[in-house]
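Got your viewer open? Let's take a walk through this protein, one selection at a time.

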Amino acid sequence: MKGLVMKSTGSWYDVLGENNVTYTCRTRGKLRLKGFKTTNPIAVGDYVNFSIDEEAPEQGLIDEIKPRENYIIRKSVKLQSQGHIIASNIDQAILIATLVYPRTSLGFIDRFLVTAESFRIPQVLVFNKIDLLEKEQNNALEQIISIYEKIGIRCLKISATKNTGLDEFKKLLHNKKSLLSGHSGVGKSTILNKIAPHIDQKTSSVSDFAQKGVHTTTFAEMFKLDDNTFIIDTPGIKELGIIDISPDELSDYFPEMRELSSECKFHNCTHTHEPKCAIKDAVDTGEIAESRYISYISILEGDDNRR
């Protein structure tokens with residue numbers, strides 16, 4: 001039977017069958033997709049073929065993973081040479097960000113966007129907890145939004161606790177498989193509980209001392225909102241290590257750089273030290289945001305970006 005992986009806990013998988021019944025499944029032996037070196041052979045969002053266990057009809061064995069249309073991947077925390085697939089076969093990648101309690105850095109936002117853009121997955125930035133912002137912080141948020149809207153990224157402002165902007169957020173999800181990601185404490189689980197109370201995700205407060213969220217989601221899990229609408233909740237990410245993107249193609253995943261790179265004097269320009277670089281000129285004139293260029297350099301040099 002063909003099925004859709006709804007939850008992965010490492011060795012067991014919840015698989016939604018074509019008959020709309022969910023089965024708890026294991027893999028048959030060492031199941032790997034050819035060419036993939038990852039810590040998790042099966043990810044939420046994967047389509048699989050599985051057989052039902054005759055002795056335990058509520059369980060099954062996964063025999064085959066169908067080829068993925070796309071996926072979001074990050075470096076494995078334990079095995080830096082391998083990747084960890086967060087989710088696959090998604091229609092859009094939504095990053096929940098906050099300016100306070102906790103703060104999401106522009107560097108982290110850009111790493112998420114680059115990862116999604118590398119598979120041409122549409123991206124959306126949702127800024128939560130706007131009810132906590134003072135006037136200066138609100139002004140800063142508007143400036144941040146202008147940076148991303150200028151390069152074609154859709155941005156929403158919401159407050160999950162005050163129900164502000166949640167109707168627009170729901171419309172955004174309709175008839176799509178959406179990945180929901182972000183740091184711990186930005187309110188992913190609270191948002192899910194508001195738009196779909198049957199999900200009933202655990203929530204926790206942000207630590208006042210560290211200004212960081214407490215992990216409440218342990219495993220990635222997909223929830224069915226209606227027949228054609230699915231949303232994937234993911235564990236809070238402390239850092240997003242870029243993987244499988246070579247230095248010479250990195251600028252292609254910054255849309256504003258991709259448009260101008262052909263105007264550089266050298267076809268293999270790294271946009272760092274070369275003369276007559278259209279990208280550096282655009283940063284100097286303000287056409288490309290300085291924060292985006294800083295993120296590009298940070299990723300290029302392999303710097304860590306945890307906050």
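Before we start, one term: two residues are in contact when they have heavy atoms within 4.5 Å of each other. Keep in mind, too, that this is a predicted model.

**Stop 1: Leu125 and the core**

Select Leu125. Which residues does Leu125 touch, not counting those up to four places away in sequence? Light up Leu95, Ile109, Leu113, Tyr148, Ile153, Arg154, Cys155 and Leu156, and you have the list.

Now zoom out to the largest nonpolar core, which has 35 residues. Leu125 is among those with the most contacts inside this core, together with Ile72, Ile109, Phe127, Tyr148 and Leu179. Try colouring the elements that each supply at least two residues of the core: strands S1 (2–8), S7 (83–88), S8 (92–97), S9 (123–127) and S13 (229–233), plus helices H1 and H2 (135–150). Which of them gives the largest share? That's H1, with five residues.

**Stop 2: a cavity**

Stay with H1, which spans residues 106–117. The structure holds one cavity of 30 Å³ or more, and its volume is about 30 Å³. To find the cavity, select its lining: Leu113, Val114, Glu117, Gln123, Ile151, Ile153, Tyr253, Pro255 and Arg292. H1 gives the most to this lining, with three residues. Colour the lining by class and you should get six nonpolar, one polar and two charged residues.

**Stop 3: the loops on either side of H1**

Go to the loop between S8 and H1, where you'll find Pro102. Click on the peptide bond between Tyr101 and Pro102: this one is cis, with omega at about -5 degrees.

Then hop over to the loop between H1 and S9 and pick Arg120. Arg120 isn't a glycine, yet its phi is positive, about 50 degrees. Where can you see another non-glycine with a positive phi, this time of about 70 degrees? Select Asn20, which is found in the loop between strand S2 (13–17) and strand S3 (22–27).

**Stop 4: Gly60 in a strand**

Next, show strand S5 (residues 59–65) and pick out Gly60. Is Gly60 buried or exposed? Its relative accessibility is 3%, so Gly60 counts as buried; the cut-off for that is under 20%.

To see what surrounds Gly60, select Thr24, Cys25, Arg26, Ser51, Ile52 and Asp53, its contacts once neighbours within four places in sequence are left aside. Then draw a distance from the C-alpha of Gly60 to the C-alpha of Arg28: you'll get 9.6 Å, although the two are 32 residues apart in sequence.

**Stop 5: the two sides of H6**

Our last stop is helix H6, residues 278–285. Select its buried residues: Ala278, Ile279, Ala282 and Val283. Turn the view until you look straight down the axis of H6; the buried residues fall within an arc of 140 degrees, so they line one face of the helix. Why can residues that aren't next to each other in sequence share a face of a helix? An α-helix has 3.6 residues a turn, so residues three or four places apart point the same way.

What do the buried residues of H6 pack against? Show helix H5 (255–260) and helix H7 (290–300) to find out. Now look at the face of H6 turned away from its buried side, where the exposed residues Asp284 and Thr285 sit. Finish with Gly286, which follows H6 and has a positive phi, near 90 degrees.

Notes:
Residues numbered from 1 in each chain as written. Predicted model: local features only at pLDDT ≥ 70, side-chain atom pairs only at ≥ 80, totals over all residues. Heavy atoms only, no water. 1 Å grid on protein atoms, 1.4 Å probe; cavity = no way out; pocket = protein on both sides within 12 Å on 5 of 7 lines; lining within 4 Å. Points joined across faces, edges and corners; volume = space filled by probe spheres on them. Helix = DSSP H or I, 4+ residues; strand = E, 2+ residues; numbered from the N terminus. Nonpolar A, V, L, I, M, F, W, Y, C, P; charged D, E, K, R; others polar. Core = buried A, V, L, I, M, F, W, Y, C linked by side-chain atoms within 4.5 Å. Buried < 20%, exposed > 50% of the residue type's maximum accessible area, 1.4 Å probe, protein only. Arc of directions from axis to C-beta.
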